[in-house]
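Here is a protein model to explore together. Take a look at it first, and then we'll walk through it piece by piece.

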Amino acid sequence: MSGTTIPRLVIAAPSSGAGKTTVATGLMAAFAEAGLLVSPHKVGPDYIDPGYHALATGRPGRNLDAYLCGPGRIAPLFLHGAAGADLAVVEGVMGLFDGASGQGELSSTAQVAKLLRAPVVLVVDASSQSRSVAALVHGFASWDPQVRLAGVILNKVGSDRHEELLRDAMDSSGVPVLGALRRGEQARTPSRHLGLVPVAERRAEALESVRALAARVRAGCDLDALLALARAVPELTEQAWDPAAEAAGAAADESGAADGSTGPAGAGKPLIAVAGGAAFTFSYAEHAELLTAAGAEVVPFDPLRDERLPAGTRGLVIGGGFPEVYAPELSANAPLRAAVAELAATGAPVTAECAGLLYLSRSIDGKPMCGVLPADARMTERLTLGYREAVATADNVLAAAGTRVRGHEFHRTVLEPGAGPSPAWGLTYPQRRVEGYVSGGVHASYLHVHWAAEPSLARRLVASAARGARAEAVGGAR
């Protein structure tokens, strides 16, 4: 069977904090500045790093999460995202072999590297070692023979003498050193309670940081050797993931017009507004692609700036982000809050994840929000983080009753009460509980779900919006 060959590298590390994001983003930017079309990818559910990857490459940052999407979708999603690229760079998550808690290698960087048949470059924090680095690399290289550890980049090297000692030690390891980055001045990438500050909140500074990372990597790494390594990969024989094919899987399962075909009175494509801007930066690129493929017209808007929803809005998607940081500004935009509440009151489909859930509540830390949900949110010191398994407890605009999904929670807020009379999900792993709200056309939850794993979510949302658009068109024609 013929396949597709896309040059590719996986950038991993022994643990978090070694410098994966620095090296991966710097490599993406350096190769892009050299004229290559670079496809950026991130292992795991993280939304923030892909924003920096997109800035470095000019292409959407895409996630490869074997827990959320299943191992069988990793190569197809990769081939979809990397189509037409000269090089794909995949940034790992945590340590190379760290995956979902209690699930073996599932969702680890090592598993993704094996599924992609891609060479791994290990970024090692060398700041407090010399000869021991060879023992560490030897352990990682020999732990799983199916993982090809093809090179090392030494990070946080203190001096010329330190680098010499490290390279001498590595000579006997059999793993080549492909770069050494000094411990000196680091590119400024500020963090806060959920990680790096997203690109959307500091675009000019972030662009400067990415350029600085490219310069550091260009000066300290053997780009020619890294590119040769990336090109010496086998074909991938899987078929690329196709949002159109996924959306067509049951295009008529809900309404007979989920593909956006014209309704009885010429309703056309339903317009689905998607929240964006600095307060709502968490979104997987495949979601908009699935909505579009299912027949929607997808229009972004910024709840910090726009006082109205896009004209003709028939459905609303509010993803994750940092509403707690922007609570005063979101609250001050009373016209938009009223417009969101009015849309929800019509029964139009409104789906919200995490930040969107808080935005639909009555208040965040006492600041008035949209008031769609009878609940209030507040910041806490406690981080809620981890993979979840859930089932839809009742039919709603996003999921049919019994639909099973895998998701991810990541927040430091608490919503009180945490679930309505009709919850959004019944969680089955790691604990049994209900959470979120279903009311009319509203589906709101803390759970982040990757729709590529369950395309029916997008189809169902578009079908509901299409029914509303046709009903309005028919009513207006009478």
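## Who touches whom

Before we start, one term: two residues are in contact when they have heavy atoms within 4.5 Å of each other. Keep in mind, too, that what you're looking at is a predicted model.

Let's try the term out on E286, which sits in helix α11, residues 285-293. Which residues does E286 touch, leaving out those up to four places away in sequence? They are R62, L77, W241 and H450. So is E286 buried or exposed? Its relative accessibility is 1%, and since buried means under 20%, E286 counts as buried. For a sense of distance, try S16: it is 270 residues away from E286 along the chain, and their C-alpha atoms are separated by 27 Å.

## The whole chain

Now zoom out. The protein chain's secondary structure adds up to 15 helices and 22 strands. Its radius of gyration is 23 Å, close to the 23 Å that the globule rule gives for 478 residues, so the chain is as compact as a globular protein of that length. If you follow the C-alpha trace along its principal axes, it spans about 80 × 55 × 40 Å.

How much of the chain is buried? Buried residues make up 57% of the 478 residues. Contacts reach along the sequence as well: take those with a separation of 6 or more, and 75% of them come from residues 24 or more positions apart.

## Surface and charge

What does the outside look like? The chain exposes about 18300 Å², and carbon and sulfur atoms supply 51% of that area.

Charges are worth a glance too. There are 43 positive and 48 negative ones in the protein chain, and the mean positions of the two groups are 1 Å apart.

## Two covered helices

Helix α4 covers residues 74-81, and eight of its eight residues are buried. Its buried residues are I74, A75, P76, L77, F78, L79, H80 and G81. You've met one of these already: L77 is among the residues that E286 touches.

Helix α5, residues 109-116, is mostly covered as well, with six of its eight residues buried. Which ones are they? They are T109, A110, Q111, V112, A113 and L116.

## Around helix α5

Stay by α5 and look at the loop between β4 (87-91) and this helix, where you'll find L106. With a relative accessibility of 12%, L106 counts as buried. Setting aside residues up to four places away in sequence, L106 touches A66, Y67, P71, G99, A100, Q111 and R406. Q111 on that list is one of the buried residues of α5. A66 is 40 residues from L106 in sequence, yet in space their C-alpha atoms are 6.5 Å apart.

The loop between β4 and α5 also holds M94. M94 has a positive phi of about 50 degrees although it is not a glycine. At 36% relative accessibility, M94 counts as partly exposed. Just after α5 comes R117, which takes a positive phi of about 50 degrees. R117 belongs to the loop between α5 and β5 (120-125), and at 33% relative accessibility it counts as partly exposed.

## A domain from the record

An unreviewed UniProt entry lists residues 272-454 as "domain: CobB/CobQ-like glutamine amidotransferase". In the model, this span is 18% helix and 38% strand. How far apart are the C-alpha atoms at the ends of residues 272-454? They lie 19 Å apart.

## Two cis peptide bonds

Let's finish with the backbone at two prolines. The peptide bond from E416 to P417 is cis, with omega near -10 degrees. P417 sits in the loop between β17 (404-416) and β18 (425-429).

Further along, Y429 and P430 are joined by a cis peptide bond too, and here omega is about 0 degrees. Where is P430? Look in the loop between β18 and β19 (433-435).

How values were computed
Residues numbered from 1 in each chain as written. Predicted model: local features only at pLDDT ≥ 70, side-chain atom pairs only at ≥ 80, totals over all residues. Heavy atoms only, no water. Helix = DSSP H or I, 4+ residues; strand = E, 2+ residues; numbered from the N terminus. Rg over C-alpha atoms; globule rule 2.2 N^0.38 Å. Buried < 20%, exposed > 50% of the residue type's maximum accessible area, 1.4 Å probe, protein only. Areas by Shrake-Rupley, 256 points an atom, 1.4 Å probe, with all protein chains shown as cover. Lys, Arg positive; Asp, Glu negative; His and termini not counted. Charge placed at Lys NZ, Arg CZ, Asp CG, Glu CD. UniProt positions renumbered as here; feature names shortened; annotations may be inferred.
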